[in-house]
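Reader: Could you take me through one part of this model in some detail? I'd like a close look at the place where the two chains meet, and at the charged pairs there.

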Number of protein chains: 2
Amino acid sequence: MTAVRRADARRNYERLLAAAAEVFGERGAGAPLDEIARRAGIGNATMYRHFPTRSDLLIAVYADEVTALCARGAALLDAADPGAALFEWLGAFVAHVAGKRELAHAIGPDAGPPRSELFRGWHASMQETAGALVERARQAGAVRADVAAADLLALANGIALTAADDGQAQRLLALARAGVRER
Amino acid sequence: MTAVRRADARRNYERLLAAAAEVFGERGAGAPLDEIARRAGIGNATMYRHFPTRSDLLIAVYADEVTALCARGAALLDAADPGAALFEWLGAFVAHVAGKRELAHAIGPDAGPPRSELFRGWHASMQETAGALVERARQAGAVRADVAAADLLALANGIALTAADDGQAQRLLALARAGVRER
């Protein structure tokens, strides 16, 4: 493949991914795939070359969001206020989980390998990101020494699953933030 | 019906309910109904007279646990430490939700009336119990004035849905307790 064709393929892939994130977001994990190709401005045949099945598209969209979330966490490690940075990231995590519940379900976290492997990998990336942010917040005195990153991530997950709306999610995160402070 | 037969019927009902709670708890909402009658020491025909369908048994078990939980909450309104009382009750609520998840699913909270009515009633009882405990804790200065009972109940629900084990549930509740305190 020439460099030009490689660049074309890469661009098509990115456009399909962006269109899929939009269309799945609007119409759910069962959205018509034709609509994704149409919105990306790419033929169905090309789409199926990149993503042979719906599941391939769903996994790519989900993986892309996890990657973005971890990148945002890494960037927040340079933020001025480590406590605020940790809770900004947890807020983004809550939005991710709340928004991608149906997608996660459609991919099937309880399925056998290799899907369970994928989920394990994503889970590990999230834990690592949360761990680094918690550690920095701890050094700054914004989080008590006995608070585990895994516990905070579980709590954020619970908030995402249960909050009736974004306002309630924000209040519950604020409550968690008050709960982890040194006193 | 004579008073003696009414007392017999009541006793059979109570024994079936206790056996059903045990058997569903051990073997899930799909447990064989014969096993429930056997453990209660009551014939199948009598069981079906009291509970014509599996769903009737599931609903009775669930309703009984909600009633017990609300009674425990009412008793805790007399406890010496209002903050401890509130979080003891939230701990019992978390155990209830975590243990009855499959049952709740089997009954079907999203079904049409009259089941959605049942769930609405249970939800209202829980909110009322939580509200009274929070109000008392607030008056004692154990809970800040801006913390809503509905938010605490949602958080406890999230903890029940997400905690990997009882230890994590306890730690997350302790975190919530620290988060609602006056400072």
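**Where chain A meets chain B**

Author: Let's start with one residue: B:Arg171 has a relative accessibility of 44%, so it counts as partly exposed. Keep in mind that this is a predicted model. B:Arg171 makes a salt bridge with A:Asp151, and the closest N and O atoms sit 2.5 Å apart. The arginine belongs to helix H9 (residues 166-180) of chain B and the aspartate to helix H8 of chain A, so this pair joins two chains. A:Asp151 itself is buried, because its relative accessible area is 6% and the cut-off for buried is under 20%.

Now flip the chain letters. B:Asp151 forms a salt bridge with A:Arg171, again with 2.5 Å between the closest N and O atoms. The rule finds 2 salt bridges across the interface of chain A and chain B. On the chain A side, helix H8 (149-162) and helix H9 (166-180) each supply at least two of the residues that touch chain B.

The symmetry fits with that swap of letters. Chain A lands on chain B after a rotation of 180 degrees with 0.0 Å of shift along the axis, at an RMSD of 0.0 Å. That's the relation of a two-fold axis. Both copies use the same surface, too: 100% of the contact residues of chain A recur in chain B.

As for the extent of the contact, 20 residues of chain A touch 20 residues of chain B. The area buried between the two chains is about 1700 Å², and carbon and sulfur atoms give 61% of it. Our aspartate turns up here as well: A:Asp151, A:Leu155 and A:Leu175 supply 33% of the area chain A buries against chain B, more than any other three residues.

If you're after polar pairs in general, the rule finds 8 residue pairs in polar contact across this interface, both residues at pLDDT 80 or more. Sorted by class, the side of chain A that touches chain B has 10 nonpolar, 5 polar and 5 charged residues.

For some context, the salt bridges over all chains come to 22. One of them links A:Arg138 with A:Glu135, the closest N and O atoms being 2.9 Å apart. These two are 3 residues apart in helix H7 of chain A, which means about one helical turn between them. A:Arg138, at 26% relative accessibility, counts as partly exposed, and A:Glu135 is partly exposed as well, at 33%.

Methods:
Residues are numbered from 1 along each chain as its sequence is written. Chains are lettered from A and ligands numbered from 1 in the order in which they are written. This is a predicted model: local features need pLDDT of at least 70, side-chain atom pairs count only at pLDDT 80 or more; totals for chains, interfaces and linings use all residues. Side-chain values use heavy atoms; hydrogens and water are left out. Copies are superposed by least squares on the C-alpha atoms of residues with pLDDT of at least 70 in both. Contact means heavy atoms within 4.5 Å. Buried area is the accessible area (1.4 Å probe) that two parts lose on being put together, summed over both. A salt bridge is a side-chain nitrogen of Lys or Arg within 4 Å of a carboxyl oxygen of Asp or Glu. A polar contact is a pair of N or O atoms within 3.5 Å; within protein, one must be able to donate a hydrogen and the other to accept it, and residues adjacent in sequence count only if both atoms are side-chain atoms. Helices (H or I, at least four residues) and strands (E, at least two) are DSSP runs, numbered from the N terminus. Ala, Val, Leu, Ile, Met, Phe, Trp, Tyr, Cys and Pro count as nonpolar, Asp, Glu, Lys and Arg as charged, and the others, Gly among them, as polar. Buried means under 20% relative accessible area, exposed over 50%, partly exposed in between (1.4 Å probe, protein chains only).
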